[in-house]
Amino acid sequence: MCFLIWAVGLFSDAPEPVPKTSDVAQNVVRIGVLKLPAVLVKGVTFEMGSDDESSPEDTRPAHTVTLTDFYISVTEVTVGQYKEYCRQTGKSMPEQEAGTSDSYPIAFVTWYEANEFCQWVGGYLPTEAQWEYAARSGGLDLKYPNGNTIDHSLANYSGIGQTDKWKRIAPVAKFPPNSLGLYDMAGNVSEWTADLYSEQGYRTLRGGAWYDGGDFVRCAWRDHVNPDYWLNY
């Protein structure tokens with residue numbers, strides 16, 4: 001089973017700055033109803049996708065995309081944040097894995113539920129282009145958020161070792177952020193995006209999950225699933 005989550009995109013309200021406590025945190029602001037930590041990602045033209053022959057066909061060819069500025073949440077939306085959303089709106093809290101707490105990413109939500117949450121807090125699900133640009137530390141030519149190689153000191157993906165002591169899902173922000181200050185863009189839980197994958201109505205997932213191998217957590221990698229798949233979980 002796949003774990004699903006999202007990042008939050010552009011907001012209309014002026015963000016509230018966070019006191020600077022470190023180099024990574026220097027550009028963090030608080031945004032939306034829940035004051036989610038977020039960073040401003042400056043828009044630019046970049047090459048999306050991959051021409052690597054080992055990449056899936058649906059990531060090729062690399063192509064030019066131009067983005068405007070947007071905000072994106074620093075971490076995957078947490079159980080605690082989603083719990084507060086449910087408390088304020090009367091929504092039902094989805095059952096989570098045993099042993100998880102408020103610091104873990106929320107899982108088992110449909111695309112519709114993720115989209116509704118983002119709208120409620122004042123944002124939206126990121127497009128695939130926004131997600132990939134942010135994952136690539138601002139459109140850099142990188143296979144992974146932190147470089148062209150990956151190991152268990154950098155992300156929670158299939159297996160354990162080094163920093164990765166979690167056999168399944170891990171709390172957010174336990175691995176180094178990329179150069180934009182964004183955590184867990186590779187592995188841990190997959191992330192919903194706003195975009196359709198195909199005319200059959202599937203929605204696109206990005207980032208890979210704790211059970212995926214290294215190839216599946218690359219920045220350009222794409223996956224897809226029925227948007228209401230988790231309604232019956």
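Here is a quick briefing on the fold, the cores, the aromatic groups and a few backbone oddities of this protein. Keep in mind that the model is predicted. The protein has 233 residues, and 52% of them count as buried. It holds three helices and ten strands.

**Overall layout**

- Going along the sequence, you meet seven strands in a row, then three helices, then three more strands, in the pattern β-β-β-β-β-β-β-α-α-α-β-β-β.
- Take the contacts between residues at least 6 apart in sequence: 62% of these join residues at least 24 apart.
- The accessible surface adds up to about 10,800 Å², and carbon and sulfur atoms account for 49% of that.

**Nonpolar cores**

- The largest nonpolar core has 25 residues, and the members that touch the most others are L34, Y82, Y85, I106, F117, L125 and W192.
- Two elements give two or more residues to this core, namely α1 (79–89) and α2 (111–121).
- The top contributor is α2, with five residues.
- Another core lies apart from this one; it has 19 residues, including I72, V74, A129 and Y183.

**Aromatic groups and a charge over a ring**

- There are nine aromatic pairs in the count.
- One of them is W111 with Y112: the ring centres are 5.3 Å apart and the planes stand at 90°, so the pair is edge-to-face, given that anything over 60 degrees gets that label.
- The two partners differ in cover: W111 has 8% relative accessibility and counts as buried because that is under 20%, whereas Y112 comes in at 45% and counts as partly exposed because that falls between 20% and 50%.
- W111 has another neighbour to look at, since the charged end of R203 sits over its ring, 3.9 Å from the ring centre.
- Elsewhere, one aromatic cluster is made of Y82, Y85, F117 and W120. Y82, Y85 and F117 also appear among the best-connected members of the largest core.

**Strand β5 and its partner**

- β5 covers residues 45–48 and has two faces: F46 and M48 are on the covered one, while T45 and E47 are on the uncovered one.
- The strand pairs with β6 (residues 63–66) through four bridges, and the two run antiparallel.
- If you want a specific contact to click on, F46 from the covered face has V65 as its bridge partner in β6.

**Positive phi in the loop between α3 and β8**

- A173 is not a glycine, yet its phi is positive, near 60°.
- You will find A173 in the loop between α3 (128–135) and β8 (190–196).
- With a relative accessible area of 33%, A173 counts as partly exposed, because the value lies between 20% and 50%.
- D184 is another non-glycine residue with a positive phi, this time about 55°.
- D184 is also found in the loop between α3 and β8.
- Its cover is another matter: D184 has a relative accessible area of 6%, and because that is under 20% it is buried.

Definitions and conventions: Residues numbered from 1 in each chain as written. Predicted model: local features only at pLDDT ≥ 70, side-chain atom pairs only at ≥ 80, totals over all residues. Heavy atoms only, no water. Buried < 20%, exposed > 50% of the residue type's maximum accessible area, 1.4 Å probe, protein only. Contact = heavy atoms within 4.5 Å. Areas by Shrake-Rupley, 256 points an atom, 1.4 Å probe, with all protein chains shown as cover. Core = buried A, V, L, I, M, F, W, Y, C linked by side-chain atoms within 4.5 Å. Phe/Tyr/Trp six-rings, centres within 6.5 Å; stacked < 30°, edge-to-face > 60°. Lys NZ or Arg CZ within 6 Å of the ring centre and 35° of its normal. Pairing = 2+ DSSP bridges.
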